[in-house]
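Reader: Please give me a close look at one part of this structure, the charged side chains and how they are placed. I would like one connected account, with the reasoning behind each step, and a few words on neighbouring matters where they help.

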Number of protein chains: 2
Amino acid sequence: LKKGEKTAIIGVGLLGGSLALALKKNGDHPVGWNHRASSRKKAEKILPVAASPEAAVRNAGVVVLSAHSGSILPALERMLPWLEPGALVLDVSSVKGRLVRKAEKIPSLARHYVPCHPMTGKEKSGPDHAEAGLFRGKTVFITPLSRNPAALVRRASSFWKKVGGLPVVLPASAHDRAVALTSHLPHLLASAFMHLCGKDRTASKVFRKAVGPGFKDFTRIAAGNPDMWRDIVEMNAAEIRGFLRAYRKILDSMGRNLQQGRGPYWSAFFQKAKILREKIR
Amino acid sequence: LKKGEKTAIIGVGLLGGSLALALKKNGDHPVGWNHRASSRKKAEKILPVAASPEAAVRNAGVVVLSAHSGSILPALERMLPWLEPGALVLDVSSVKGRLVRKAEKIPSLARHYVPCHPMTGKEKSGPDHAEAGLFRGKTVFITPLSRNPAALVRRASSFWKKVGGLPVVLPASAHDRAVALTSHLPHLLASAFMHLCGKDRTASKVFRKAVGPGFKDFTRIAAGNPDMWRDIVEMNAAEIRGFLRAYRKILDSMGRNLQQGRGPYWSAFFQKAKILREKIR
């Protein structure tokens, strides 16, 4: 990465805004763009906002596309004519397989676009919640296109290291499988649980008093951005379905054992869960 | 509660130990007892340990039985002959209905025993993790026996207020239903999810790198004490099963919608989950 080269952030939300703060801390001068005028106003508190998306992208050495999974490809196609030769384009979206398969069909993209997914975020969205440290110590998955030049992928890695991320290069399919299990399924399960709680119960006084820290931890992710999650579920449905099916089988066996009231089954069940959980720091 | 009266804590683990610390901060001098010699040794770091359970309970104005749901009633029956007239006995166990039904059959218990459940804890057990503030601002459910004198229930309330708790009196059945939904089902769901992750995946490098803060929050409760949770599941199985059945229906509908890939369904689904979650502070 060249010192002082222009970085454009298209989509200054929680991630884009945090990236801007991290880059500024690093002495860089990123330029931003948001589609909506109201979001541009918010973004202006963090970084200079360009006069148009074209103006933001022109002359940029690095362009970060911080948008939901469903809008990456249209945005890429639109900006292609504006890119400098050698400009690196990154995204931050959570599902990579379908995006990579579509991007492979536009050969000129491989000279610019390296698909990325930083494993970070929080349940609040928008640039008002941005934090310079959001990427620090966090895995950033990079799922290259088959025709990405090796040097371009290395530049993508260097970019994420600059803001504290830990880049990991892997195939898009392995990525989508891993996040379906570790991120997408939990989000669905926590959301489904909130629906169960919502059957008039969240209004009850007893329910509210019975909510402890365990409940709050377990359900925190259900407050994520609904549009982002709709895109994720649509784009990674097959992987998520496979894990959901396996999960339901475990619930079926739990249901049978609840009926039969077998102490030794439950001791072993909870013991194993505890051991598995304690492997995760 | 009389100033300076003796408080006995039978079972100095996380909760019992935290109670001892809170009482000491309050100027009280609790006395403890643990069944196992090794646990008595740990307890001695926090409070004086009696020579026997009988010695701990004798002359005590308040006895707190800090044991798992399954061992409360045998312990109560054993200590009954040792109790002072007017001694108040409390427990801290998570399921109340079955315990209350059994306790109602021993008429002399109602002069002493007021069933309680403080909504607090953490995933680490044992007195080494005790904290004086563990009860501060936390709901303490009190599910009285039908023949508990009103003054005895008031003394139980005062006791919990003294350590910062917020007592709420309600029927055992309403309590068990509320905690089945807010605490017991989430624990089962998070544990089942760890089992799914355990199918060789927790060892994989990609899995480990794909674990983010959302995963950790969602699964934290799965590290709870297995013996405590076995007792809970056995004693509240009927309520938990009802909610598990309703939850599986939601998963069934999710599965169908994953297959059909309906964007509007998922937008509405996540939107509603977010609104419900944000009602919980």
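Author: A relative accessibility of 25% makes Lys138(A) partly exposed, because that class lies between the limit of under 20% for buried residues and that of over 50% for exposed ones. The model is a predicted one, and the values that follow should be read in that light. Lys138(A) sits in the loop that runs between strand S6 (116–118) and strand S7 (139–142) of chain A. Its C-alpha is 9.9 Å in space from that of Val163(A), although the two residues are 25 apart in sequence.

From this lysine we can turn to those that have a partner. Side chains of opposite charge can pair when their charged atoms come close. Over all chains the structure contains 26 salt bridges. In one of them, Lys162(A) meets Asp28(A), with 2.9 Å from N to O. Lys162(A) belongs to helix H6 (residues 150–162) of chain A, while Asp28(A) is in the loop between helix H1 (14–25) and strand S2 (31–33) of that chain, so the pair ties together parts that are 134 residues apart in sequence. The two ends of this bridge fall into separate classes of accessibility: Lys162(A), with a relative accessible area of 28%, is partly exposed, whereas Asp28(A), at 8%, is buried.

Another salt bridge of chain A links Lys122(A) to Glu131(A), and the closest N and O atoms here are 2.5 Å apart. Both ends can be placed by their accessibility, since Lys122(A) is partly exposed with a relative accessible area of 30%, and Glu131(A) is partly exposed at 37%.

Chain B has a salt bridge between Asp28(B) and Lys162(B), whose closest N and O atoms are 2.9 Å apart. Asp28(B) lies in the loop between helix H1 (14–25) and strand S2 (31–33) of chain B, and Lys162(B) in helix H6 (residues 150–162) of chain B, so this pair ties together parts that are 134 residues apart in sequence. Asp28(B) counts as buried at 8% relative accessibility, while Lys162(B) is partly exposed at 28%. Salt bridges can also share partners, and in this way Asp217(A), Arg220(A), Asp217(B) and Arg220(B) are joined into one network.

Other charges gather at the surface, where Arg98(A), Arg101(A), Lys102(A) and Lys105(A) form a positive patch. Within that patch, Lys105(A) is placed in the loop between helix H5 (97–104) and strand S5 (113–114) of chain A. Lys105(A) counts as exposed because its relative accessibility is 68%, and the limit for that class is over 50%.

Two neighbouring matters complete the account. A disulfide is a covalent bond between the sulfur atoms of two cysteines. The search of the whole structure finds zero disulfides over all chains, and Cys116(A) is buried at 0% relative accessibility, as Cys116(B) is at 0%.

As for the backbone, most residues other than glycine have a negative phi. Asn59(A), which is not a glycine, has a positive phi of about 65°, and it lies in the loop between helix H3 (53–57) and strand S3 (60–65) of chain A, exposed at 56% relative accessibility. Asn59(B) likewise has a positive phi, near 65°, in the loop between helix H3 (53–57) and strand S3 (60–65) of chain B, and with a relative accessible area of 55% it is exposed.

Methods: Residues numbered from 1 in each chain as written. Chains lettered and ligands numbered in written order. Predicted model: local features only at pLDDT ≥ 70, side-chain atom pairs only at ≥ 80, totals over all residues. Heavy atoms only, no water. Patch = residues over 30% accessible without salt bridge, like charges linked within 9 Å, V, L, I, M, F, W, Y side chains within 5 Å. Areas by Shrake-Rupley, 256 points an atom, 1.4 Å probe, with all protein chains shown as cover. Salt bridge = Lys/Arg side-chain N within 4 Å of Asp/Glu carboxyl O. Lys, Arg positive; Asp, Glu negative; His and termini not counted. Charge placed at Lys NZ, Arg CZ, Asp CG, Glu CD. Helix = DSSP H or I, 4+ residues; strand = E, 2+ residues; numbered from the N terminus. Buried < 20%, exposed > 50% of the residue type's maximum accessible area, 1.4 Å probe, protein only. Disulfide = S-S within 2.5 Å.
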